[in-house]
Amino acid sequence: MVNTADGEVVSAGVNLVLSSGLSAAHAEVVALSLAQLRVGTWDLGAQDAADRELVVNWRPCAQCYGATMWSGVRRLVRFFTVVLAAIAVTMFLKAAGVLA
Ligand SMILES: [Zn+2]
């Protein structure tokens with residue numbers, strides 16, 4: 001999840017289905033959920049909210065399209081390059097202090 005005005009990474013998600021045992025824990029749902037926790041509201045597209053977009057590296061499944069729609073996020077951007085998505089996740093994890 002990115003703030004479009006300044007490019008700030010609000011959240012990043014990875015697929016946690018196997019590690020969590022939760023069938024719905026797709027990367028998009030994880031990214032949306034972390035963004036909602038960070039921002040403090042479920043409505044990521046609220047009228048007074050920053051302009052945000054969810055960037056994904058492939059086609060979201062039906063569940064993730066629905067989760068994106070219900071999150072209120074204003075745009076879904078499909079970004080096909082896995083390497084670039086990995087760079088975005090790495091940047092977020094470094095900014096969060098998870099990676100050195
Ligand atoms: Zn999905």
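**Exercise 1. Find the sense in which β2 and β3 pair, and place these strands in their sheet.**

Let's start with the pair itself: β2 and β3 run in the parallel sense, joined over four bridges. For a concrete example in this predicted model, look at Glu53, whose bridge partner in β3 is Arg75. Now step back to the whole sheet, which is open, has three strands in the order β1-β2-β3 and shows mixed pairing. β1 (2-3) and β3 (75-78) stand at the edges with a single partner strand each, so one side of each has no neighbour in the sheet.

**Exercise 2. Check whether the length of helix α2 (residues 27-39) agrees with 1.5 Å a residue.**

Begin with the expectation: the 13 residues should span 18 Å. Then turn to the end C-alpha atoms, which lie 18 Å apart, so the two agree. Just after α2, Gly40 takes a positive phi of about 90°.

**Exercise 3. Work out which residues of α2 are buried and what covers them.**

The buried residues of α2 are Ala27, Glu28, Val29, Val30, Ala31, Leu32 and Ala35. Their cover includes β2 (52-56) and α3 (62-71).

**Exercise 4. Describe how α2 and α3 pack.**

Two values are needed here, the angle between the axes and the distance between them. For α2 and α3 the angle is about 20° and the axes are 9 Å apart. An angle under 35 degrees counts as roughly parallel, which means that α2 is roughly parallel to α3. Next comes the hand: the crossing is left-handed. Finally, look at the contacts, where Glu28, Val29, Leu32 and Gln36 of α2 meet Cys64, Ala67, Thr68 and Ser71 of α3.

Terms used:
Residues are numbered from 1 along each chain as its sequence is written. This is a predicted model: local features need pLDDT of at least 70, side-chain atom pairs count only at pLDDT 80 or more; totals for chains, interfaces and linings use all residues. Helices (H or I, at least four residues) and strands (E, at least two) are DSSP runs, numbered from the N terminus. The expected span of a helix is 1.5 Å times one less than its number of residues. A residue is buried if 20 or more other C-beta atoms lie within 10 Å of its own, exposed if 12 or fewer, and partly exposed in between; C-beta atoms are placed from the backbone. Two residues are in contact if their C-beta atoms, placed from the backbone, lie within 7 Å. Two strands pair if DSSP finds at least two bridges between them. Axes are lines fitted to C-alpha atoms, for helices over the stretch in contact, and angles run from 0 to 180 degrees between N-to-C directions. Angles under 35 degrees count as roughly parallel, over 145 as roughly antiparallel, 65 to 115 as roughly perpendicular and the rest as oblique. A crossing is left-handed if the near helix is turned anticlockwise from the far one by less than a right angle, and right-handed if clockwise.
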